[in-house]
Amino acid sequence: MAEQNIISNENTVPTLCKRCSISPSVINLRTEHLCSDCFDKYTRSKCIKRMETYRVRYNPPDTDTSPRRLLLPLSFGVSSITLLHLLNSQFQNQLARTTRTGFVLVVVHIDESAIDPTVPPGEESMRAVQERFPGLGEYLVVKLEGIYEFSSAVKAFEIDTGGGGGEGGDWKEKLKGLLGALPTPTSRMDVLQILRTRLITGLARKHACEAVLWGDTTTRLAERTLAETAKGRGFSIPWQTSDGDSPYGVKFLYPLRDLLKKELAVYVSLDVPTPLRPLCFGAAEEEGKRKYAAVGKGITIDELMTQYFEGIEKQYPSIVANVVRTAGKLVTEGGVVRIRRCKICGLPRDGGGGELVLDAETKLGESSSEVNGNGNRNRGKKEGDSMCYGCARSVHGAKPYEWPL
Ligand SMILES: [Zn+2]
Ligand SMILES: [Zn+2]
């Protein structure tokens, strides 16, 4: 009874911010109530701390003083919009203080209308974002099928799924053929994620960016850690969740890794100086997909993990942070160069795991000869063993599929 009274008091009497003791609280941050100003400072400091590690704020002395180029993938979701806003503040502060900046951004939105016609193309949303944050760098909308520009990224898929063939052809149709040939919703989502990553890293190299700034929160990194483990890619977790060199020839940074998804959901409604929420064009769509996934039988491992961590971050945020911290300890010896990599996802794979390694060559050899039946069955053989367990599972059983899915 006593506990219930305390709760109802909290609802009626506004709680004061614990830091400034002046303004009313807008959020209960783990155990501390904060007002909007103090929460804004808190959020900025978390991002700046991560960016400082790589000294993006100042140019290194005695070297090239041109600003470092960083690529920011923008989905128009709450996280990537918040990240863009935080980097813009940092950028404007640098300009005001030193009249120069330590970095410029290449902001890229991947247009996925080829595989989901309900998705708006993104140009209009991008214009609105650019109006709010002008002068930060370049803004680009790139179609997902643009992955075929980076032929090495898709060559392995084409061999193993029996899709495509040759350099030419309609990229959009090739992409639909590739995804359509995959056996399950989980494998389609998995391969889609791989294609996005490979396209974004390909664009980063093409536009001379030294790093990709991902908008992933603690919550998202925890989801990824368990989802990738469940999909058989546990060995590659350190390369998918830690700041630093990636296997794709560019650095990966996660400046929002110390913030929870639910915290950003509050942040985008604050006046900073006006709310970011109207720019989160992709947020409603994310929520819609989640609701659909909750009732659908074909829920994927990734969706399941999203639901799981969004549930527990409300009550047990420390568990979410713990998953990411634990994964962060999994740093392996040696640089990425020395490690054998999977031809599909491009991530390091488990080379010496004994029974942990699936005999991907045999399985995939069988399935692609079934698919092709046109004399191409031996094309993938010599590279057949350079695939991780996760990718072998995703593309195993690939067969032609009637579009739409
Ligand atoms: Zn305050
Ligand atoms: Zn792989």
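In this predicted model, helix α4, which spans residues 123-132, has S125, M126 and V129 as its buried residues. These residues cover an arc of only 100 degrees around the axis, which puts them on the same side of α4. The pattern agrees with a general property of this kind of helix: an α-helix has 3.6 residues a turn, so residues three or four places apart point the same way. On the face of α4 turned away from the buried side, the exposed residues E124 and E131 are found. The buried residues of α4 are covered by elements that include the helix α3 (78-98) and the strands β4 (103-111) and β5 (137-143).

The metal sites may be taken next, beginning with the zinc ion designated ligand 1. Its protein donors are the SG atoms of C17, C20, C35 and C38, which lie 2.2 to 2.3 Å from the ion. Along the chain, these donors follow the spacing C-x2-C-x14-C-x2-C. The angles among the four donor atoms run from 104 to 118 degrees, and the site of ligand 1 is tetrahedral. C17 lies in the loop between α1 (2-12) and β1 (27-29), while C35 lies in the loop between β2 (32-34) and α2 (36-52), so this pair ties together parts that are 18 residues apart in sequence. Both C17 and C35 are buried. For C35, the relative accessibility is 2%, and this residue therefore counts as buried, the cut-off being under 20% relative accessible area.

The second zinc ion, ligand 2, is also held by cysteine sulfur atoms. C342, C345, C388 and C391 each supply an SG atom, at 2.3 to 2.4 Å from the ion. The donors of ligand 2 follow the spacing C-x2-C-x42-C-x2-C along the chain. With angles of 105 to 116 degrees among its four donor atoms, the site of ligand 2 is tetrahedral. C345 lies in the loop between α13 (317-328) and α14 (360-372), and C388 in the loop between α14 and α15 (389-395), so the pair ties together parts that are 43 residues apart in sequence. C345 counts as buried because its relative accessibility is 2%. C388 is buried as well, with a relative accessible area of 6%.

There remains the matter of cysteine pairing. In general terms, a disulfide is a covalent bond between the sulfur atoms of two cysteines. With a disulfide taken as a pair of cysteine sulfur atoms within 2.5 Å, the count for this model comes to zero.

Methods. Residues numbered from 1 in each chain as written. Chains lettered and ligands numbered in written order. Predicted model: local features only at pLDDT ≥ 70, side-chain atom pairs only at ≥ 80, totals over all residues. Heavy atoms only, no water. Buried < 20%, exposed > 50% of the residue type's maximum accessible area, 1.4 Å probe, protein only. Donors = N, O, S within 2.8 Å, 3.2 Å for Na, K, Ca; no water. Tetrahedral: all angles 85-135°; square planar, octahedral: opposite > 155°, others 65-115°. Helix = DSSP H or I, 4+ residues; strand = E, 2+ residues; numbered from the N terminus. Arc of directions from axis to C-beta. Contact = heavy atoms within 4.5 Å.
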